[in-house]
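Thanks for coming. I will go through one structure with you, a few residues at a time. Please have the sequence and the model open.

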Amino acid sequence: MREIAAGKEESLDPVWKALSDPTRRTILDALRDRPRTTTEIVERVPQLSRFGVMKHLEVLRQAQLVFTREAGRQRVNSLNVVPIRQIYERWVGPFQELWSGELLGIKEMAETESSGGRRGASRRRKKH
C-alpha cells in the first residue's frame, strides 16, 4: 500500500514543481476564468518576454495543468484542474477532516461550559 501511495506522490512531483513558481501560478489564475491564447497570457505577464511565458507554459503542460490546442495560427491554453484536485484529495482533504473534528470538539466543550456543565455531563454518561 505504501508503494502505491509513493507512486502517486511521485507522479504529482511535476505538479508541485509547476505550482512552486509565482509566475506559473499567475498564468493558472489567468486561465481559471476561461481559456486564453498565448498572446493574452503574455499581456498578463508583462515582465516576461513571449519566450519566457512559453517556457512557463511548457512546464505547466508537462505537469498536465494546462492543455494547449491550436486554433488557426493561435495556441489556446486551458486549465486542467485534475492534478490540483489530486493534490487536494491527498494533502488537504485528510487534514481538513482532522481539523473539523477538532473544531467540533472545541465547540462542544464551549457549549458545555456555557450551559454550566450539565449538558456535557449527560452526554458523557450516555456515551459510556
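Glu-40 is partly exposed, because its relative accessible area is 24%, and buried would need a value under 20%. The side chain of Glu-40 forms a salt bridge with the side chain of Arg-34, at 3.1 Å from N to O. Arg-34 counts as partly exposed too, at 38% relative accessibility.

Before going further, a word on what we are looking at. This is a predicted model. Average pLDDT for the chain is 83, and 76% of the residues reach at least 70. Residues 1-6 are a stretch to leave aside: pLDDT stays under 50 there, and the model gives them zero contacts beyond four places in sequence. Where pLDDT is low, the coordinates should not be read in detail.

Back to the charged pairs. How many salt bridges does a search of the whole structure find? The search finds four. As background, side chains of opposite charge can pair when their charged atoms come close. Besides the pair at Glu-40, I will show two of them.

One joins Arg-32 and Asp-29, with 2.6 Å between N and O. Both belong to helix H3, which covers residues 22-33, and they are three residues apart, so about one helical turn separates them. Arg-32 is exposed at 59% relative accessible area, while Asp-29 is partly exposed at 41%.

Another joins Arg-85 and Glu-89, at 3.1 Å from N to O. Here the spacing is four residues within helix H6, so again about one helical turn lies between the partners. Arg-85 counts as partly exposed, with 47% relative accessibility.

Staying with H6, this helix runs over residues 82-114. Towards its end sits Thr-112. Is Thr-112 buried or exposed? Thr-112 is buried, because its relative accessible area is 13% and the limit for buried is under 20%. A polar atom of the Thr-112 side chain lies 2.8 Å from the backbone oxygen of Glu-108.

H6 also contributes to the surface. Which residues make the nonpolar surface patch of about 350 Å²? They are Trp-16, Tyr-88, Trp-91 and Val-92. Three residues of the patch come from H6, which is the largest share. Trp-16, by contrast, belongs to helix H2, residues 13-19. Trp-16 counts as partly exposed, since its relative accessibility is 39%, between the limits of 20% and 50%.

Now two residues in loops. Gln-47 is in the loop that links helix H4, residues 38-44, to helix H5, residues 50-62. Gln-47 is exposed, with 62% relative accessible area. Its C-alpha atom is 9.8 Å from that of Thr-23, although the two residues are 24 apart along the chain.

The other is Gln-64, in the loop between H5 and strand E2, which spans 66-71. What is the phi of Gln-64? Phi is positive there, about 60 degrees, and Gln-64 is not a glycine. For comparison, most residues other than glycine have a negative phi.

To recap, please look at the Glu-40 to Arg-34 salt bridge, the patch with Trp-16, Tyr-88, Trp-91 and Val-92, and the positive phi at Gln-64. Residues 1-6, with pLDDT under 50, I would leave out of any discussion of detail.

Notes:
Residues are numbered from 1 along each chain as its sequence is written. This is a predicted model: local features need pLDDT of at least 70, side-chain atom pairs count only at pLDDT 80 or more; totals for chains, interfaces and linings use all residues. Side-chain values use heavy atoms; hydrogens and water are left out. Buried means under 20% relative accessible area, exposed over 50%, partly exposed in between (1.4 Å probe, protein chains only). A polar contact is a pair of N or O atoms within 3.5 Å; within protein, one must be able to donate a hydrogen and the other to accept it, and residues adjacent in sequence count only if both atoms are side-chain atoms. pLDDT is the predictor's confidence in each residue, from 0 to 100. Contact means heavy atoms within 4.5 Å. Patches are made of residues with over 30% relative accessible area and no salt bridge: like charges are joined within 9 Å, nonpolar side chains (Val, Leu, Ile, Met, Phe, Trp, Tyr) within 5 Å. Accessible areas come from the Shrake-Rupley method with a 1.4 Å probe; for residues, only the protein chains shown count as cover.
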